[in-house]
Amino acid sequence: MTGSLEQLLVIGAVQGVLLFLLLVFDHRLGLASRFLGGLCLIAAVALFSAFLKPYPAHWGFNSLGGLFYVPALGGAFAYLYCRSALSGARLSASDALLFIPFLVCLLMSADLVLRDPHGTAAWVAGGHYATWRLQASEYVLFLQAFGFCVATSVMIWRYRRSAGQLLSFYSPAKFDLLLALQLFTIAIWILNALPSLSSAPVVFVHAANCVTVLVLYFIAIAQWRQPHLFLVEHLDSEAAEYSAEASSESSEERAPQKQSDDDFQALESLFSHIRLQVEENELFRKSQLTLSDLSEEVGLTRHQVSEAINAGAGQNFYEFINSYRIDAVRRALDAGYEGRLLVLAFESGFSSKSTFNAAFKKSVGVPPGDYRRSLTPAQ
């Protein structure tokens, strides 16, 4: 191992501990930051273990066997972090089940680690397998990591779908970034698995360590500076109310049935009513408009509003409301609006610059600034 790589591992481990302390013991921060702090500590342990592997005479070498399974906690912490960061959801008793894979890894080899710490550490450092249980526990370690990545990605996608159904002001970029982080996590685990499960060179592990330092610590610093970095406001409460309304319906109303022409006509009538209220009262200009707000304005249940919009517009609630906001911006620009674009965006109902730019470009095909310049006659 080169000196520069050793320095990177030590620096990365020290940074991980410092970020852990900042995120966990800063009382201004919430539950999501504490889970992220736990992830930083897990990363620090992994980097310290990588530093110890070439030095069997080091005082900490014998601890490698116990430290080897610490990354198995990362999947549960990442899942809980994403859930808490997006919705602000708190812990429940059932969350303890997320730590079962870690306990399985420990139980498969705990006696070996305690009975022969140096031999187990030598195996972690690349020696021969002392027993089949160690090899099996390694497969469990990697499989549970990939399983958590999939489960976390599915959860993020479900939250994103729920936000589109219930809110008109969330930022899709938050979900995109968290999903991208899951791809980084999968890449890290693949790079770590290749040398262990095949004859790939150890340079893959070093690459994984570099990615860990760059990605995880960047997010940790951003989370520390902005505690509500990924939080989608009102998502948890709106989802709870929506679910409560669904559970209060009769089983007959919830049962899937083939829709008749009369059903479609009823939905079209409801959608016409909704569209009329949105346009006449310019409800889309309310930047924090939720599905609950709209259902109260039009005198319908949330499910009726959501179903009518899906059937009548072929869009979810977020897309439906933002289409009006984009149209309002375009009409103003087409009429020669000369003020600041951001002021116009806020007046039209957008709640942030990033959401406005992303929604406008997705709908129109070009950023709002380019669209405005395209309306200016060439001199």
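**Aromatic pairs and helices in a predicted model**

In this predicted model, Tyr170 is buried, with a relative accessible area of 6%. Phe175 is buried too, at a relative accessible area of 0%. The structure holds 17 aromatic pairs. Tyr170 and Phe175 make up one of them: the ring centres lie 5.6 Å apart and the planes stand at 85°, so the pair is edge-to-face.

A stacked arrangement is found for Phe284 and Tyr324, with 5.6 Å from centre to centre and 15° between the planes. Phe284 sits in the loop between helix 12 (261–280) and helix 13 (291–298), whereas Tyr324 belongs to helix 15 (residues 317–334), so this pair ties together parts that are 40 residues apart in sequence. Both rings fall under the 20% cut-off for burial: Phe284 has 3% relative accessibility and counts as buried, and Tyr324 is buried at a relative accessible area of 13%. The pair does not stand alone, as Phe271, Phe284, Phe320 and Tyr324 form one aromatic cluster.

Helix 15 itself deserves a closer look. Its 18 residues should span 26 Å at 1.5 Å a residue, and the end C-alpha atoms are indeed 26 Å apart, which agrees. Among the buried residues of helix 15 are two members of the cluster, Phe320 and Tyr324, and the buried set also includes Phe317, Tyr318, Ile321, Asn322, Arg325 and Ile326. Further along helix 15, Ala328, Val329, Ala332 and Leu333 are buried as well. At the start of the helix, a side-chain oxygen of Asn316 comes to within 3.2 Å of the backbone nitrogen of Tyr318. Just after helix 15, Gly336 adopts a positive phi of about 95°.

Helix 9 (residues 203–225) can be described in a similar way. With 23 residues, helix 9 reaches 33 Å from its first C-alpha to its last, close to the 33 Å expected at 1.5 Å a residue. Its buried residues include Val205, Ala208, Val213, Val215, Leu216, Ile219 and Ala220. Also buried in helix 9 are His206, Asn209, Thr212, Tyr217 and Gln223. An α-helix has 3.6 residues a turn, so residues three or four places apart point the same way.

The final part concerns a pair of helices towards the beginning of the chain. The axes of helix 1 (residues 3–25) and helix 2 (residues 31–52) come within 8 Å and cross at roughly 160°. Angles over 145° count as roughly antiparallel, and helix 1 and helix 2 are therefore roughly antiparallel to each other. The crossing of helix 1 past helix 2 is left-handed.

Definitions and conventions. Residues numbered from 1 in each chain as written. Predicted model: local features only at pLDDT ≥ 70, side-chain atom pairs only at ≥ 80, totals over all residues. Heavy atoms only, no water. Helix = DSSP H or I, 4+ residues; strand = E, 2+ residues; numbered from the N terminus. Expected span 1.5 Å × (residues − 1). Buried < 20%, exposed > 50% of the residue type's maximum accessible area, 1.4 Å probe, protein only. Phe/Tyr/Trp six-rings, centres within 6.5 Å; stacked < 30°, edge-to-face > 60°. Polar contact = N/O pair within 3.5 Å; in protein donor to acceptor, adjacent residues only side chain to side chain. Axes fitted to C-alpha atoms, helices over the stretch in contact; angles between N-to-C directions. Parallel < 35°, antiparallel > 145°, perpendicular 65-115°, else oblique. Left-handed = near helix turned anticlockwise from the far one by under 90°.
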